[in-house]
Amino acid sequence: MKRISKRNRGRMAFAIAIVLSTGAMVHLGSAHAADVTLQGTGATFPAPLYQRWFTEYNKMHPEVQINYQALGSGAGVKQFQEGLVNFGASDAAMTDEEIAAVKDGVVLLPMTAGSVVLAYNLPGGPAELKLSRDAYVGIFLGTITNWNDPKIASANPGATLPDLKITPVTRSDGSGTTFVFTQHLSAISDAWKNGPGTGKSVNFPVGVGGKGNPGVTALIKQTPGAIGYVEYGYAKQTQMPMASLENKSGKYVKADLESEKAALASVELPADLRAWIPDPSQPAAYPIVTYTWLLAYKKYADPKIKDALKGVIQYGLGDGQKFSEELGYIPLPAGVVTAVTKALDQIS
């Protein structure tokens with residue numbers, strides 16, 4: 001199938017839109033007719049930040065419209081490979097095999113970073129919940145099934161833990177957030193590594209599934225006893241409680257800007273800008289942190305599409321970074337911004 005062309009889109013006045021995995025269309029529109037309309041699909045993890053970028057960019061450049069469908073990293077990679085979009089987005093950097101399937105080449109651009117947290121709904125539970133590595137692996141393996149289990153209680157001395165069934169909440173769609181979470185579980189647990197394993201979609205032994213980060217968030221909020229993995233920004237914006245997790249150094253750490261920066265400090269991006277952080281070793285590091293990538297082609301048939309996309313990306317790397325902290329993301333280190341900006345030279 002051919003990539004969406006400008007002629008097929010014409011000069012229709014599309015609103016900037018983020019289509020969340022719930023299927024809801026959020027219009028952030030402009031009344032101007034678009035000279036260029038960019039179509040993108042992919043990760044829900046960075047969607048709130050991308051939404052802000054696209055809105056702000058359109059205010060300055062009303063001739064450029066950006067339609068982004070936040071359908072999950074799996075859909076983002078697939079539609080990008082098939083040439084159905086102008087750009088994709090994924091929390092799991094594309095593999096060599098996935099890249100080889102794209103005839104126009106691929107440039108992977110880490111645009112932001114964030115953490116995956118375990119948000120929970122625990123009526124009558126402690127205000128500050130700590131989970132050891134054994135505990136949260138056990139919850140998602142299905143070997144720990146009740147909130148008053150000794151492996152949870154031991155990390156929360158003096159706390160009242162209710163006699164309540166645990167309901168793990170996972171992703172039902174192909175998800176980069178799932179990839180990041182299961183990659184971490186595989187790094188800290190042989191039982192997980194040799195069982196469900198790592199992937200955008202895995203067979204979780206227990207739990208119920210929600211579509212996208214918004215779907216998981218909604219299920220947790222409406223299910224007493226639930227716990228699930230979501231991007232930090234979603235948990236922050238919806239004011240959900242988040243567990244402090246035991247890191248590689250044995251310390252219980254909350255997700256916040258400082259602990260996330262500590263995790264990123266251990267990573268040096270290689271030339272292809274693909275790097276993973278399955279279990280950071282810094283004593284102050286939060287244990288589940290990731291970059292998230294925008295997927296661009298090396299070659300674009302329409303120079304207007306190419307130039308518009310480059311303009312949006314440059315904005316995200318520059319002024320767009322100032323929105324990161326308030327939305328729950330990690331501003332890119334200066335060295336990463338420099339490396340990604342240089343990578344834009346590969347796009348022609």
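**View 1. Thr167 in strand β8 of the predicted model.** Thr167 belongs to strand β8, which covers residues 167–171. The model shown here and in the views below is a predicted one. With a relative accessible area of 18%, Thr167 counts as buried, because buried means under 20%. Once neighbours within four places in sequence are set aside, the contacts of Thr167 are Val208, Thr223, Gly225, Ala226 and Ile227.

**View 2. The chain and its confidence.** Before zooming in further, here is a quick word on confidence. The protein chain has a mean pLDDT of 91, and 90% of its residues reach 70 or more. Residues 1–32 are where pLDDT stays under 50. For this stretch, the model has 86 contacts beyond four places in sequence.

**View 3. Helix α2, residues 47–60.** This helix has 14 residues. From the first C-alpha to the last, α2 reaches 20 Å, close to the 20 Å expected at 1.5 Å a residue. The buried residues of α2 include the aromatic side chains of Tyr50, Trp53, Phe54 and Tyr57. Ala47, Leu49, Thr55, Glu56 and Asn58 in α2 are buried too. When following the helix by eye, it helps to recall that an α-helix has 3.6 residues a turn, so residues three or four places apart point the same way.

**View 4. The second largest cavity, beside α2.** Stay with α2 for this one: the helix gives the most to the lining of the second largest cavity, with 3 residues. The volume of this cavity is about 30 Å³. Its lining consists of Tyr50, Trp53, Phe54, Met111, Leu294, Val312 and Ile313. Tyr50, Trp53 and Phe54 are also among the buried residues of α2. Besides α2, helix α12 (303–317) supplies at least two residues of the lining. By class, the lining has 7 nonpolar residues, with no polar and no charged ones.

**View 5. The largest cavity, lined in part by α7 and β13.** The structure holds 2 cavities of 30 Å³ or more, and about 50 Å³ of space lies in the largest. Around it are Val180, Gln183, His184, Ala275, Trp276, Ile277, Pro278, Val289 and Thr290. Two or more lining residues come from each of α7 (176–188) and β13 (289–297). The top contributor is α7, with 3 residues. Sorted by class, the lining has 6 nonpolar and 3 polar residues, and no charged ones.

**View 6. Tyr234 in helix α10.** Tyr234 sits in α10, a helix of residues 232–237. At a relative accessible area of 10%, Tyr234 is buried. For a sense of scale, try the pair Tyr234 and Trp293: these residues are 59 apart along the chain, and their C-alpha atoms are separated by 18 Å.

**View 7. Gln239, a loop residue with positive phi.** Just a little further along the chain, look for Gln239 in the loop between α10 and β11 (244–246). Gln239 is not a glycine, yet its phi is positive, at about 55°. Most residues other than glycine have a negative phi. Gln239 has 72% relative accessibility and so counts as exposed.

**View 8. Leu273, a buried loop residue with positive phi.** Here the place to look is the loop between α11 (257–264) and β13, which holds Leu273. Leu273 has a positive phi of about 65° without being a glycine. Is Leu273 buried or exposed? Its relative accessibility is 4%, so Leu273 counts as buried.

How values were computed: Residues numbered from 1 in each chain as written. Predicted model: local features only at pLDDT ≥ 70, side-chain atom pairs only at ≥ 80, totals over all residues. Heavy atoms only, no water. pLDDT = per-residue confidence, 0-100. Contact = heavy atoms within 4.5 Å. Helix = DSSP H or I, 4+ residues; strand = E, 2+ residues; numbered from the N terminus. Expected span 1.5 Å × (residues − 1). Buried < 20%, exposed > 50% of the residue type's maximum accessible area, 1.4 Å probe, protein only. 1 Å grid on protein atoms, 1.4 Å probe; cavity = no way out; pocket = protein on both sides within 12 Å on 5 of 7 lines; lining within 4 Å. Points joined across faces, edges and corners; volume = space filled by probe spheres on them. Nonpolar A, V, L, I, M, F, W, Y, C, P; charged D, E, K, R; others polar.
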